Structure formats: C-alpha cells, structure tokens
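Thank you all for making time this morning. I would like to walk you through one structure slowly, taking a pair of helices and then the cysteines, so please have a look at it before I go on.

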Amino acid sequence: MRLFSELVNKLGTSTKTNEKLDALSQYFSLANSKDKVWVIALFSGRRPRRIASGSLLAAWCIELAKLPAWLFDECYHTVGDLADTIALLLPEQSPEFVSSLPEIVSSQTLPLLSNYLEKIIALEKESEEIKKQFVISCWLQMNKEERFVFNKLLTGAFRIGVSQKMIVNALAKTVDLSASVIAHRISGNWDPVAATFDELLSEKATQTDFSKPYPFYLAYALEDDLHSLGEANEWQAEWKWDGIRGQIIKRNNELFVWSRGEELMTDKFPEYEILKNTLPDGTVIDGEIISSVNGKPLPFALLQTRIGRKNITKKQLVEAPITFFAYDLLEYNGEDWRVYPLEVRRKKLEEIISLKNFSNQYQSFDSADTQYPMPNTQYPLHLSPVLNFDTWDALTSIRQSARNIGAEGLMLKKKSSPYEVGRKRGNWWKWKIDALTIDAVIIYAQKGSGRRSNLYTDYTFAVKDRDKLVPFAKAYSGLTDKEFAQVDAFVKRNSLEKFGPVRTVKPELVFEIAFEGIAASNRHKSGVALRFPRIHRWRKDKTPDEINTIDDLKKMLEMYGK
C-alpha cells in the first residue's frame, strides 16, 4: 500500500508524461504480482463498490479525531475533497493514540494493496459496525498519504490523470510484449480478484474470453488546413456521430456489447439481441450506439436515460429506440482484420450488412439533406454512410450540414490505414463543427477536486430573463490556472450567501460559454440542456447587462435543437 501511495503521489504532482511513465514502469518492476493486477484494474476503471457513504466516513473520522461536527464541515468546505479532509484531520500514528482506542481492532496487518481491495469487496454485505472497525483499523496503521489513497478507494473517487495508453506503455517497458498486444490482453471482462499477472498478459486469455473487445482506435482533432492531408481521393469521410462508441461482438454464438470505456453493456440494449441470430460467428464491429428514429439521431439525453437503467421498460424502448451505426470491421470469421486497409475492411463490412437480413436498410431524410442516405430503424444494425466528395472544398460544404442531421462533424480516415490502438496522428482525424456560444454571468461557485480542491473552479452560469437571472449551465474547464486563481479571489471577496459548499456570487463576471448541442429539458429551470458546456473565454470587455437572454437560448433551441 505504501508503494502504491507513493506512486499516486508522483503521478498526482507530476505534469510531465515521461516522469509519469517512469514512475509507473518503476512500480511495475517492484510491485507484488497481485498488486500489479489491481493497479491495471484501477487505472482502467475497475474499482470495488463503495462499502460506506461519505457521511458515514465523515462521522467515523469525527469520532476518531474527537472533533465537533461543525469544525469538520468547515475543514471540508475549505479543503473541498472528503478523502483529503479525513486524511488531514486524523491524528498521526503514535502508541499513545492507538492505546487510547482499545475498542478498535488495530492489530490486523494488510500491507498489500490487493489485500485492502479484496477485503473491501468481501465486506460489501457486512454490517455497518464491521465495516467501521475495518476502516478505522486501517486508518490507524497508515500514514497521511496512505490514508488519502485508501479514502479515495473507499469513496469511489479514485481518479488520477493517467491514460490506459500510458499504463500499456509502462507495462511494455517491463514485459516482453508489444504495447498493442498488451492493450488487447488487458481489455475485456476480467476479474482482478481471480486473475494473476501472468494469466492476464498471456495469449490464452484472449482465446478463452469470448467477450474480449479490441482496443479502440481514436483520432486527434484536425487543426491544420485540409490540403495538408494530401489528395482528397485518398481519404474516406463519414459523419461523426454523437453517441456512445462501442463494439458489437458475436463469438461462440454469444453476443456482447462493449462501450469505449470498457463497460459491458449487453443487457442495457435488448434491441441488439436479434444480432445473435443474424451476424456471422466470429465477427466484431466498431461503431456508435445511438438513439434514433428513421435514421435521425435523437438527443443524447434520451440515450442517457437508457444507460443507467438495470431494467428497461417498454416505454423507454419506444421513446429511446437504440440503433448501432457501424463503420468498421475488426474481426471476421474469428480472424483479426485490423491489419487490413480500411477500404478492404469497409468492403467486407458492407457485404455483411447487405445480407438478406438487412434489406431495405436505407431511406432518405424528408429535409434539405436528402442527398445523404440514412438508415431506417427497422433493424438495429445500420451501415454509417460514407460521404461522396471529389475535393476538399466540397467536403467543407458537406460539413456545414452536420448539426442539422445530429452529427458533431466529420471523421476523416485514410483508405489505406490499418485499425490501430489508442490515439494516433496521421491516418484518422476528427473534424468537428464549430461550437455554439453564448455570453453568461457566474452566479454560483463551488470548489473543485484534486489539485483544485482549494479553489473555486466549478461555476454555474445564468442568462437574463428581463430583470431576473436564470441558471442554464455548469462548467469547470476552459480557463488557465492564472484565470482560475483570479476568479477564485473574486468569489472569496464577493460571496453573498453560503449553501454548504456552494457560494452565491455577485453577478459581475461575464464569460463566453461554448457547447456542442442544445436540447429541450423539463429538468432545468431554463428549459434547455447543453451538450459539453465549457468556458470558451473570459469576456472582460462585457458587462452583465450585455449578456445573452433566455430568448436567445430558445432561438438556438429552435435552430439547432434535436
């Protein structure tokens, strides 16, 4: 546990990629085999479930540190992070401190990270008192840094700025396997409790786990001029859909649906069940999970109503029907097709989806965009169309219609490209449409988390409705560290009211808010919900009287809403 807490500290304080990579490589060369498995699991989103709520952990800390509740609350509001607050408030280890708490079982030794995590899993259904004894006994054995990491694991808030690609590259430095092979082998539905390090990285694992997905190929945003890509006829263009990137896998006569975040989502989308009978065995397709009607994507918010549900109702199946827009073939007849050029993979994909099970799959929009064929929704698997263009100028014109059909922009893929692993430059690019923007004023502020836990960096913005201000969006990204510090100072000087961690602020600071899309919403006072809101720039040249109005948002909803 100490070795892991030292790793987390290095990763959390370093801003250089090579330093983080070296720290991870060193850890993998020193750590226990089971701990290495758990570190791979933690950094790829496989965390144990919470065994205690934040309020319970706070209560146990208050009891152990002998603090009044109001003082704990004040400390929490200042620090801004529960795990950090508890780690700071608990007394340092000392024989006198431990002896003053004879009721607590503190003799148990859990030196390994894996011991702690597997004990947390084992305690999931135990009583509150047993959980309390375990947590407090662990706190008593740990230093401040270990407590912080342990608390993060307990609260389910363990998030460190390390990509899975970095984990893969660090492993590649310590084992005799290529990064692409490692990325494939650590993907899928494996159990960190049961798996050993050697088994996880063995070829056998890919042969016995029929559900195992391939690592996704990701694109960088296109920033250069289109002509820098070379000849237009060397490239394939598709719509960039606003859904959930996923893979549909048919192996061993079983069907699996994976998200890009490596969440197995088969049960969430019963519409895909028919594919178990119609897709050839040994097939893996890459594409987008989208809620759509007659081929036109519905608001992403509707898709979200399906994601968090264990049981899907008939009403949800009707209101948010799910389709899969396929755009790449990764496996066919059990053979890995990622090495083949895109144009070869695409041709085979079209053959698969043009089988008799997929007849009458295209129809056109009843709109100005009828030149672009779109799939209907009678079958849950559709071929995402390739756009026809002869020149870069023609493609630029096509891109302008993206928002009208519910797309985020275009994907540009070199026809000769293989399907690679992770984010790469050169062969795939995403060319998103320009964001929508609106000017607004900050009315609420809350402290951030992690390295910003002592700064007010989480803001609520409002637009005008005659003489009132109406909140419509929250955002916490888009400013520089210097700007965040300036806003934080303003909030501390100009707070009007306090509601727990939230401060009401004088409505004086104006910002331009950028967002990808807008939809009607009954859950928000403004009547709208924004897609990916973020701060575009600080409008120091504008006063609060010059911000946009609720009517401006409603006009945007009429023009661009889904």
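I will begin with the helix pair and then turn to the question of disulfides.

Please keep in mind throughout that what you see is a predicted model. Let us start with helix 8, which covers residues 113-122, and helix 10, which covers residues 144-155; these two pack at an angle of about 30°, and their axes lie 11 Å apart. Since angles under 35 degrees count as roughly parallel, helix 8 and helix 10 are therefore roughly parallel to each other. The crossing that helix 8 makes as it passes helix 10 is right-handed.

Which residues meet where these helices pack? From helix 8 we have Leu 113, Tyr 116, Leu 117 and Ile 120, and they meet Phe 150, Leu 153 and Leu 154 of helix 10. If we sort the residues of this contact by character, seven are nonpolar, while none is polar and none is charged.

Now to the cysteines, where a disulfide would require a pair of sulfur atoms within 2.5 Å, and where the count by this rule comes to zero. Why is Cys 61 without such a bond? The closest cysteine sulfur to that of Cys 61 belongs to Cys 75 and is 9.0 Å away, which is too far for a bond. Cys 75, likewise, is in no disulfide, and its nearest cysteine sulfur is that of Cys 61.

As for their surroundings, Cys 61 is buried, with a relative accessible area of 0%, whereas Cys 75, at 22% relative accessibility, counts as partly exposed.

Key
Residues numbered from 1 in each chain as written. Predicted model: local features only at pLDDT ≥ 70, side-chain atom pairs only at ≥ 80, totals over all residues. Heavy atoms only, no water. Axes fitted to C-alpha atoms, helices over the stretch in contact; angles between N-to-C directions. Helix = DSSP H or I, 4+ residues; strand = E, 2+ residues; numbered from the N terminus. Parallel < 35°, antiparallel > 145°, perpendicular 65-115°, else oblique. Left-handed = near helix turned anticlockwise from the far one by under 90°. Contact = heavy atoms within 4.5 Å. Nonpolar A, V, L, I, M, F, W, Y, C, P; charged D, E, K, R; others polar. Buried < 20%, exposed > 50% of the residue type's maximum accessible area, 1.4 Å probe, protein only.
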